[in-house]
Amino acid sequence: MSLDYVKFSPGFDKFMPKEYRDMVEHGPFGKKVTVSQMGSFKEILEEHPMCAGCAMTLFIRLAMISFPNPEDTITVGTAGCGRLAISQAAIPFVYGNYGDQSAVASGLSRGLRLRFGDKPKDVVVMAGDGGMADIGFSMTLHSWFRKERFTTIMLDNEVYGNTGGQESGMTNKGQVLKMAPLGKKFEKMDMVGMAKLAGCAYVATVVPNNPRRVESVIKKAVLVAREIGPTYIQAYTSCNIEYSIPTDKVMEDAKNVENDRYQFSEHLTEEAKHYLATRYGFKEYLPKPATATALPQA
Amino acid sequence: MSNPLEPEVKTNPQGDPITSVEPEQKTNPQGDPITSAAPIKVGGSSKDPHEGAKKQRVVTPEYMFFEAPRKREFITGSEAAKEAVRRSNVDFSVAYPITPQSETMQLIGVLYGEGYVKEYYRGEEEYGVMSAIAGGSRAGVRCFTATAGPGTLRGIEPIASWPGHRLPAVAMFTCRVVNAPLAIQPDNIEISYLLNCGMIVFHAENQQDLFDFIMKGFIIGEKNDVTLPVGVACDGFFVTHARNYVDMQEKGIKLPPRQAWKGAVPVLDAENPPARLSRDAPVQKSNFMAYNIHAVWQQEVWAAVERSRRYIEQYMGGLCAPDNVEGAEALIVASGSAAAQSREAIRLCKDQGVTVGFIKIRSLRPFPTRELRQLCAKAKLIVVPEFNYVGWLAKDVATAIYGYSNAKIVAGPHVYGGMSMPVEMIVDEVVGGLTGKKSIAVPDSAIMGRDVNQAEVAHFMQNI
């Protein structure tokens, strides 16, 4: 059914806007598209009001291309820069109240499971560092401890970008920002550590300058959340405005930050590995045959 | 020394006799059996715990509300809420404890264990609970939760957004004190915060109202041209913890399920084009949202509140219940537990030879404005007793009938913070209002539309 809702009722196609027709005819719905095919299909997110050079927008575009079933995916977010783009995408987006995303997603994913059973309806929370680690902190952590089966993606620009550059819990210690006139006085919050502690089945850190890697972590996180448990991706998505990064240096900054404090990391539970290997053919998680080394010599 | 002929009395570690686990059937003070309390399980049983829920059959709302035979039981308000939810085909419920609501949501947990509610968990706190209810309702399933006092205020940001998102969930508010100094006592000040959310708000007088209003709330809120959340308020303890007679249908029937596709706004299930609120330009497009979009959306929410009137009339017999209004010397207008107290006050007035009419308000939003204008047209005195300091009901009554009635409106008596409302206080306001005799509680009751009489205030101050 869900593929049908993005199609036209017979006879109506010629009356639909070109934008819509392009989405139906050349969009990713019902197809397997990859980030390496960017430019050859209509993306779920194209138009947006984000700043020039925004790394967060690139990450959101890559994430949306990577959703395994975009036609059956619902995103949940909160106030912040990210939702200005996410709300423009051609998939349903819940924009509720301040910091409520993980609680809304809990109710949404449970309600969808009641109605659709095992049919995948992927719920993906995408919110900023402030929305997730500050105002929505309790709901983020509790959704993990409750083992809610949805994906949580933090768009970490280490600042409140949308309200004009205030310190967040994910800002680095010493950083001078609005509301931190003498520099931030405590460390960047270790949300990755907390995600592991709370029992997330898949946890990854990533920066947007490696599209294939972004694609890989998003796919795994969404698939694992379908059946195994909560998954968490923390993505560095710089704010070139508040951190004064020239637009042509945004990717360079991402590379530097990756080398400095945002090294790629991936944590999977054994259950998640087994599930990805057996259900979705991720060969890297297939159990290594213990006797395999002996065979060539025989 | 104990008499060996007497049965051994079980005691708790403090040595008090344990009386709560008696295996014999419970009865009310009148000797009627209480059947709603869970029977004590004896021995292991292989019986399917969901057996009763699986056997429930769907009936029409009309049959459920007006035709199904009912049996009278003597139960608490919390138990009445449980029994209403049992028969309401509820899919999803999120619980968080707060006095005096806790028992209600733990009883919903019992229903979950029995399969009558399909999904249930204990949330992190009320903001998370009300947000999860929003998520569940967007998924298209029928949702119920309950809270009280500080919990209502903690959850009010998400609650206040339910109407704008057109989420037809039902929430029960077992009203209690909210402000410092913190107390758990009855006080319905929290209703004043709910009145301007754009949700439908009912105020239950007793356990029977609570039972009926919850069930009818689902049906009214889910009507296509309404598609709004319904708040069912009652006064905490007086209704939640006290027992009363409730006429209930058999447990084997339930309301039809929520049909998500019937709502005024599509649910977010990726089966329908997304709700316009979140995606399409220019509604909530960004910071650049046109002011008129939010404006028209608010107009539509309040228009939907208005459209619910005919369903409230159809299922609940009207937004208010007038009694003996014609020819009465004075009128009492009340809702909730104040309505229950008013009935006794009216009887006492009758003993004194004073005929007092009564208007019980069932629905606070929508408010029975037209009804009150007509009913109060000839009234000379209207007394509005309330379980809160601010007198939100009296203000609504005064606003509704302004220009349509020359009645003097006495906003009071007011009790709050856990005070009870002796019926003599209401009688005093009625008699004082009619005769001009000084009321002992005048400053509590602020006579609306007139200057404060300093002498009356002084009289009161000398008497406390």
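Two strands are taken to pair when DSSP finds at least two bridges between them. In this predicted model, strand β3 of chain B, residues 92-95, offers a good place to begin: four bridges join β3(B) to β4(B), and the two strands run parallel. One residue of this pairing can be picked out by name, since B:Phe92 has B:Glu119 as its bridge partner in β4(B).

The pair belongs to a wider arrangement. An open sheet of seven strands, with mixed pairing, follows the order β4-β3-β5-β6-β8-β7-β14 in chain B. Its edges are formed by β4 (119-122) and β14 (363-365) of chain B, each of which pairs on one side only. On average, neighbouring strands of this sheet are turned by 20° against each other, with direction ignored.

Helices accompany these strands. Helix α4 of chain B, spanning residues 102-113, lies across β3, β4, β5 (143-147) and β6 (170-175) of chain B, and runs at about 140° to β3(B). Helix α9 of chain B, residues 207-221, packs on the sheet as well, where it touches β6, β7 (200-204) and β8 (230-235) of chain B. The direction of α9(B) makes about 170° with that of β8(B).

Stepping back to the whole chain, chain B holds 17 helices and 17 strands. Of its 464 residues, 51% are buried. Among contacts in chain B between residues at least 6 apart in sequence, 78% join residues at least 24 apart.

Chain B is divided into domain 1 (51-262) and domain 2 (320-463), and the C-alpha centres of these two domains lie 29 Å apart. Their contact takes 23 residues from domain 1 of chain B and 19 residues from domain 2 of chain B. On the domain 1 side, α8 (190-194), β7 and β8 of chain B each supply at least two residues, and the largest share, five residues, comes from β7(B). By class, the residues of this domain 1 side divide into 15 nonpolar, five polar and three charged.

A further contact links the two chains, A and B, with 33 residues taken from chain A and 35 residues from chain B. On the side of chain A that touches chain B, at least two residues each are supplied by α1 (2-5), β1 (73-77), β2 (93-95), α5 (101-116) and α7 (137-145) of chain A. Helix α5(A) gives the most to this side, with 11 residues. The side of chain A that touches chain B has 16 nonpolar, 10 polar and seven charged residues.

Methods
Residues numbered from 1 in each chain as written. Chains lettered and ligands numbered in written order. Predicted model: local features only at pLDDT ≥ 70, side-chain atom pairs only at ≥ 80, totals over all residues. Buried ≥ 20, exposed ≤ 12 C-beta atoms within 10 Å, placed from the backbone. Contact = placed C-beta atoms within 7 Å. Axes fitted to C-alpha atoms, helices over the stretch in contact; angles between N-to-C directions. Nonpolar A, V, L, I, M, F, W, Y, C, P; charged D, E, K, R; others polar. Domains from an automatic or database assignment.
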